[in-house]
Amino acid sequence: MPLPAGAALRQVFGETLAELARHDPRILVLDGDVGSSTGAAIFETAHPQRYIQAGPAEQNMMAMAAGLATMGFQPYATTFTCFAVARALDSVRVLIAQPRLDVKIIGGYAGLLTGMTGKTHQMFDDIAIMRSLPYMLVVAPADETEARQAIAAVAGVPGPAYLQITRETAPVLFGSDYTFRLGRAVTVRDGTDATLISTGVQTTRVYEAAEILSRRGVEVTVLHVPTIKPLDGDAVVAAAQASGYVITIEEQSVIGGLGGAVAELLGEKFPVPVKRLGIRDCFGESGPNDRLLDKYRSDG
Amino acid sequence: MTGADPGTGELQATARAARREIVKAVAHAKGGHLGGPLSAVEVLTALYFGVLHIRPEEPDWPDRDRFILSKGHSAIALYAMLALRGFFPVAELRTFDAIDSRLQGHPDMTVLPGLDMSSGSLGLGLAAGVGIALGARLAGGDFTTFVMVGDGECNEGIVWESAHVADRYALDNLVVIVDQNQLQQFGWRDAATGRRRPPYAGTQLRDRWAAFGWRVSEVDGHDVLAVLAALEAARQPAGKPAALIAHTVKGKGVSFMEDEYLWHSRVPTDDELRQALDELADPAGTRGGT
């Protein structure tokens with residue numbers, strides 16, 4: 001059975017932050033001129049005085065956010081992942097990560113499914129880049145239930161954070177009884193035949209694939225890693241110990257993403273084979289979502 | 001509020017003392033920059049001994065004026081000023097660039113009190129200043145944010161992103177000071193003379209800030225009283241952000257460093273250090289020795 005349909009995380013982001021801001025006067029949103037795409041528009045409607053249009057000038061936006069953070073605000077700088085991470089990296093590195101300021105960087109339009117925009121906007125290495133920055137918290141929620149809790153959890157921790165948000169609607173994986181814990185992975189399915197490790201919305205697809213495998217008599221564990229940094233090392237090592245090898249699956253480059261993080265960890269703590277599935281050292285292209293997922297995930 | 005006496009002689013003596021500390025610190029560290037720090041001295045003196053509402057004994061005082069040295073490679077000039085103003089002992093300047101020092105090669109707000117922002121990657125300081133000025137408006141803060149950029153730094157595209165956004169929000173609590181010392185690290189070669197060309201010729205830089213909607217004024221950046229007056233005028237709210245173009249000389253105060261691009265980041269030899277300190281000696285002998 002496929003998972004039930006859910007909301008787009010960009011909408012969840014806008015709604016959740018608007019709600020948090022009702023109780024936290026420090027929260028501001030900066031928008032790199034894509035508020036109608038990232039969910040920042042929802043925040044603008046709710047809190048027009050606390051929404052700052054920064055224009056498509058992302059380096060300036062990130063450094064402005066740093067300035068605002070020194071004033072005691074908690075700015076959320078919102079744009080597409082490609083601009084937040086690649087275009088504005090120097091501002092993020094020097095004025096947010098190095099001074100360890102309380103700026104939350106919201107990368108909308110993460111991964112492959114970016115609304116027919118193609119390779120310029122498809123950013124596959126935002127996890128790799130952001131997790132390499134000291135002090136940077138890196139979080140990629142899977143569905144609306146987790147996104148709501150993850151946004152609140154990130155807001156509750158002072159310091160730099162990167163939150164990956166997707167454009168398309170995501171199936172609902174977690175029920176109302178789910179509790180997100182920052183820095184902790186969660187086993188969403190148990191099995192003894194293999195261990196699959198995933199992050200972000202990709203986990204919903206991995207879960208559905210695991211259900212299909214189950215009908216064919218193959219039972220796999222699915223470990224969901226919503227916090228890529230700090231990585232839940234105990235959970236990853238335990239998964240490796242249970243199965244003797246792991247497969248990582250992500251809507252990210254196999255170079256440096258979740259697969260890279262897992263391979264680094266296991267290489268030191270519990271060396272086992274790590275098969276990394278994801279984007280294989282190439283750029284993307286525009287196309288319908290199902291065709292993109294099919295083409296770029298067809299790893300051998 | 002500043003607790004400083006902006007008398008001409010006193011300010012000039014402070015500027016000279018700062019130059020001595022700058023040259024000594026770079027010579028001691030055997031590294032760092034000299035040209036840019038020396039061109040910025042009078043502006044920094046006017047700020048720290050006249051204009052800025054600050055409390056050295058309470059560096060995080062919430063209502064203080066903010067200052068960001070966006071041309072962060074001139075850090076030693078800022079450190080000299082902070083030390084002379086009482087933020088930390090002057091003797092600590094000898095730790096500039098040393099391992100574990102609070103006086104990093106570029107300003108690091110995580111280790112040194114009195115810094116309103118880290119800097120060092122050119123162009124970012126003004127953007128941070130725009131954020132602070134906007135934050136002050138949102139929070140009802142009654143202070144001015146000053147940012148110093150270099151003329152070479154104005155090559156950075158982010159400077160103009162910030163200039164645009166500051167105009168958009170009509171941030172009249174924001175003052176940018178352009179240290180127009182007419183040289184950048186290397187710059188473009190003038191084919192006719194073989195010398196390095198200035199980053200911006202003639203009135204180009206003034207015209208660009210004006211074209212971005214800023215209220216522009218100009219001053220002799222080495223006339224400390226004129227700088228003081230120009231800064232006080234620039235901080236008066238007038239519905240738009242203010243840019244003060246300070247016409248300066250790179251390496252100012254040491255004859256063989258003036259207007260010579262090689263001194264952007266060169267370390268003086270022992271002989272050069274002696275000559276520099278001779279030239280910077282206080283004629284009245286009231287400001288300590290060399």
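Q: Is the crossing of H4(A) and H5(B) left-handed or right-handed?
A: This is a predicted model: local features need pLDDT of at least 70, side-chain atom pairs count only at pLDDT 80 or more, and totals for chains, interfaces and linings use all residues. Residues are numbered from 1 along each chain as its sequence is written, while chains are lettered from A and ligands numbered from 1 in the order in which they are written. A crossing is left-handed if the near helix is turned anticlockwise from the far one by less than a right angle, and right-handed if clockwise. H4(A) and H5(B) cross in the sense called right-handed.

Q: At what angle do helix H4 of chain A and helix H5 of chain B pack?
A: Helices (H or I, at least four residues) and strands (E, at least two) are DSSP runs, numbered from the N terminus. H4(A) covers residues 58-70, H5(B) covers residues 124-139, and their axes lie 7 Å apart. Axes are lines fitted to C-alpha atoms, for helices over the stretch in contact, and angles run from 0 to 180 degrees between N-to-C directions. For this pair the angle is about 50 degrees.

Q: What word describes how H4(A) and H5(B) lie to each other?
A: Angles under 35 degrees count as roughly parallel, over 145 as roughly antiparallel, 65 to 115 as roughly perpendicular and the rest as oblique. H4(A) and H5(B) are therefore oblique.

Q: Which residues of H5(B) make the contact?
A: Two residues are in contact if their C-beta atoms, placed from the backbone, lie within 7 Å. H4(A) brings residues including Ala63(A), Gly67(A) and Leu68(A). On the other side stand Leu124(B), Ala127(B), Ala128(B), Gly129(B), Val130(B), Gly131(B), Ile132(B), Leu134(B) and Gly135(B).

Q: Which strands are the edge strands of the sheet in chain B?
A: Two strands pair if DSSP finds at least two bridges between them. Five strands of chain B form an open parallel sheet, in the order E1-E2-E3-E5-E4. Two of these strands pair on one side only: strand E1 (66-69) and strand E4 (215-220).

Q: Which residue of E3(B) is the bridge partner of Gly150(B)?
A: Strand E2 (residues 145-150) and strand E3 (residues 174-180) of chain B run parallel, joined by six bridges. Gly150(B) has as its partner Asp179(B).

Q: Which strands of chain B does H5(B) touch?
A: H5(B) packs on the sheet, and its direction makes about 170 degrees with that of E2(B). The strands touched are E1, E2 and E3.

Q: Why is helix H3 of chain B largely enclosed, and how many of its residues are buried?
A: A residue is buried if 20 or more other C-beta atoms lie within 10 Å of its own, exposed if 12 or fewer, and partly exposed in between; C-beta atoms are placed from the backbone. Among the buried residues of H3(B) are Val41(B), Glu42(B) and Tyr48(B). H3(B) spans residues 41-51 and is largely enclosed by the rest of the structure, because the buried count is eleven of eleven.

Q: What is the radius of gyration of chain B?
A: Chain B has nine helices and five strands. The globule rule (2.2 Å times the number of residues to the power 0.38, with the radius taken over C-alpha atoms) gives 19 Å for 290 residues. Chain B comes close to that, so it is as compact as a globular protein of that length, at 18 Å.

Q: Which strands stand at the edges of the sheet in chain A?
A: Seven strands form this open, mixed sheet, in the order E2-E1-E3-E4-E6-E5-E10. Each edge strand has a single partner, so one side is left without a neighbour: these are E2 (51-53) and E10 (227-229).
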